[in-house]
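Notebook open, coffee poured. I want to go through this structure piece by piece and jot down what I look up.

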Amino acid sequence: MIEITGLWKAFGALQVLKGVSLEVERGSVVAIIGPSGSGKSTLLRCINLLEDPDRGRIRVGDREMRFSGDNRAKLGDRELSAFRAATGMVFQHFNLFPHMTALGNVMAGPIIVKRMAKREAEDIARELLAKVGLADKGNAYPMHLSGGQRQRVAIARALAMNPSVMLCDEVTSALDPELVGEVLGVIEQLAKEGMTMIIVTHEVAFAHEVADIVAFMSDGIIVESGPPAQLLDHPENPRTRGFLARFHRFVDDFPRPS
Amino acid sequence: MVTGTGYAWDFSFLWGYRWLILTGLGVTIAYTIGTILLGLLVGLATGLLRLSRNLVVTAPLLAYVEIFRCTPLLVQIVWFYYALPVVIGIDIPAHVAAVLVLSLYTGAFYAEIIRGGVSSIERGQWDAARAIGMRRHQVMRHVVLPQAVKRMIPPFMNQSIIQLKNTSLVSTIAVADLLYNGTIITAATYRPLEVYTAVAVIYFLVLFPLTLAAQYVERRLARSD
């Protein structure tokens with residue numbers, strides 16, 4: 001379904017991705033965990049070409065893009081847009097269009113990109129807003145929505161393009177703790193429905209629950225990957241172990257209600 | 001009316017020159033509106049093209065903007081009227097030089113307002129719009145510009161209000177605007193104090209309501225944020 005091979009990306013002198021390879025089967029959920037600055041977000045942004053990789057190969061469905069130093073400039077605006085339309089992306093900071101209502105945000109893709117009739121787009125958008133639990137918020141502008149509601153609108157907006165894969169970039173990191181659940185709930189539901197997803201997350205417990213494969217990324221490469229029970233509970237690589245140990249200790253430091 | 005210095009103020013003679021004053025005001029307003037519209041075209045093209053990453057496009061535009069922003073308008077008017085004809089060997093009538101300079105001058109400021117407005121839109125908006133497959137021009141038209149225009153309106157209104165005052169400088173090359181006609185009346189009556197006071201009052205009466213309107217619009221825009 002998705003195949004990433006030997007992906008490299010540098011920002012100036014900073015080498016962020018150092019030959020990442022990742023395979024994602026149709027209908028499976030891959031969670032990427034790892035310390036900040038390890039290249040997780042850059043990897044996601046490269047998959048839908050918001051960043052253009054320096055080297056490597058990306059295949060999504062039957063579309064394939066190859067990158068090597070010299071052919072980067074040839075990627076036309078039209079091809080890039082078509083490639084991106086097939087992948088949905090949800091961002092840490094929602095990035096809703098503030099001048100459009102929730103409904104307008106969800107309809108934007110179908111109407112502007114797919115040139116769908118307004119009525120048809122509206123039907124789809126209403127259905128998707130209902131799916132993320134916001135049937136009654138269609139006419140609300142983003143500024144009148146809570147963070148959790150905004151992120152759910154953003155998920156509906158991505159789904160409206162009927163993408164073959166969803167890329168979720170730390171979608172709960174900017175949320176107040178009490179709003180995290182409602183967003184993770186929607187993502188879990190998508191996973192159950194068989195949506196192919198790549199999720200960058202700090203919620204290790206969530207990754208454990210929802211992911212088929214967890215990949216640990218550090219310093220621009222995927223260090224280790226495997227089913228959650230293996231990677232999270234019995235990591236082999238010392239770096240993975242170190243990261244998870246720090247993470248668990250951090251979590252355990254907090255008193256828990258008994 | 002006699003003031004402390006013994007000068008006997010008398011505005012009554014101005015009534016006899018009312019048509020000259022009114023036509024001057026008409027010319028001032030026509031120049032203002034005309035050069036705002038032309039300047040807007042220039043500024044729109046310049047501002048949007050300056051967002052390009054191509055240096056061949058942006059470098060000359062940057063030069064244009066900075067040359068017009070960093071030299072006095074009065075010098076520009078004089079230069080275009082007296083020096084440019086010598087350089088290009090073609091006579092430029094005063095009204096052409098006046099329109100040209102005023103449009104280019106305000107256009108340089110509009111260009112910065114437009115460029116600044118567009119680049120003030122957060123990168124996340126581009127990301128989100130690109131991620132659902134919008135092409136560059138679609139992002140611009142449906143996502144960036146609707147938000148940017150709202151931010152551009154207050155500085156645009158301020159710059160346009162200033163433009164009405166700027167037009168008074170064309171009087172130096174004998175374009176018959178409000179100030180120039182005031183000078184003519186002064187020459188005929190030897191009463192500069194009354195004439196220039198009246199001219200100042202007229203500028204104020206036109207501009208003050210416009211600044212109030214601009215403030216009102218600005219407040220309305222701020223509230224809808």
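Which residue in β5(A) is the bridge partner of Arg59(A)? I looked it up, and Glu64(A) is the partner.

A note on the ground rules before going on. This is a predicted model, where local features need pLDDT of at least 70, side-chain atom pairs count only at pLDDT 80 or more, and totals for chains, interfaces and linings use all residues. Residues are numbered from 1 along each chain as its sequence is written, while chains are lettered from A and ligands numbered from 1 in the order in which they are written.

**Entry 1: the four-stranded sheet**

I stayed with the strands around that pair. β4(A) and β5(A) run antiparallel and are joined by 5 bridges; strands here are DSSP runs of E with at least two residues, helices are runs of H or I with at least four, and both are numbered from the N terminus. Two strands count as paired if DSSP finds at least two bridges between them. As a reminder to myself, strands of a sheet pair through backbone hydrogen bonds, either parallel or antiparallel.

β4(A) and β5(A) make a hairpin with 2 residues between them. In its turn, I found Gly61(A) with a positive phi of about 60°.

Next I traced the sheet outwards. It is open, has 4 strands in the order β2-β1-β4-β5 (chain A), and its pairing is antiparallel. β2 (14-24) and β5 (63-67) of chain A are at the edges with a single partner strand each, so one side of each has no neighbour in the sheet. From one strand to the next, the twist averages 15°; angles run from 0 to 180 degrees between N-to-C directions, and axes are lines fitted to C-alpha atoms, for helices over the stretch in contact.

Strand β1 (residues 2-11) of chain A is joined to β4 (residues 55-60) of chain A by 5 bridges, and the two run antiparallel. Ile2(A) has Val60(A) in β4(A) as its bridge partner. I also saw helix α1 (residues 40-47) of chain A lying across β1, β2 and β4 of chain A, at about 65° to β2(A).

**Entry 2: the six-stranded sheet**

The other sheet I looked up is open as well, with 6 strands in the order β6-β7-β8-β3-β9-β10 (chain A) and mixed pairing. Its edges are β6 (87-90) and β10 (221-226) of chain A; each has a single partner strand, so one side of each is left without a neighbour in the sheet. The twist here averages 20° from one strand to the next.

Within it, 4 bridges link β3 (residues 29-33) of chain A with β9 (residues 213-218) of chain A, and these strands run parallel. Val30(A) has Ile213(A) in β9(A) as its bridge partner. Helix α5(A) packs on this sheet, touching β6 and β7 (165-169) of chain A, and its direction makes about 170° with that of β6(A).

**Entry 3: two helix pairs**

How far apart are the axes of α5(A) and α6(A)? For α5 (residues 147-159) and α6 (residues 177-192) of chain A, I noted 8 Å, with a packing angle of about 15°. They are therefore roughly parallel to each other (the label for angles under 35 degrees; over 145 is roughly antiparallel, 65 to 115 roughly perpendicular and the rest oblique). Gly147(A) and Ile155(A) are among the α5(A) residues that meet α6(A), where Leu179(A) and Val186(A) are among those met.

Then I turned to α3 (residues 102-113) and α4 (residues 118-131) of chain A, whose axes come within 9 Å and cross at roughly 125°. That makes α3(A) and α4(A) oblique to each other. Their contact has 11 nonpolar, no polar and 2 charged residues (nonpolar is Ala, Val, Leu, Ile, Met, Phe, Trp, Tyr, Cys and Pro; charged is Asp, Glu, Lys and Arg; the others, Gly among them, are polar).

**Entry 4: chain B and where it touches chain A**

Chain B has 8 helices and 0 strands. Its radius of gyration is 22 Å, whereas a compact globule of 225 residues would have one near 17 Å; the radius is taken over C-alpha atoms, and the globule rule is 2.2 Å times the number of residues to the power 0.38. The C-alpha trace of chain B spans about 75 × 50 × 30 Å along its principal axes.

Last lookup of the day: 22 residues of chain A are in contact with 16 residues of chain B, contact being C-beta atoms, placed from the backbone, within 7 Å. α2(A) gives the most to the side of chain A that touches chain B, with 6 residues. That side divides into 12 nonpolar, 6 polar and 4 charged residues.

Conventions: Two residues are in contact if their C-beta atoms, placed from the backbone, lie within 7 Å.
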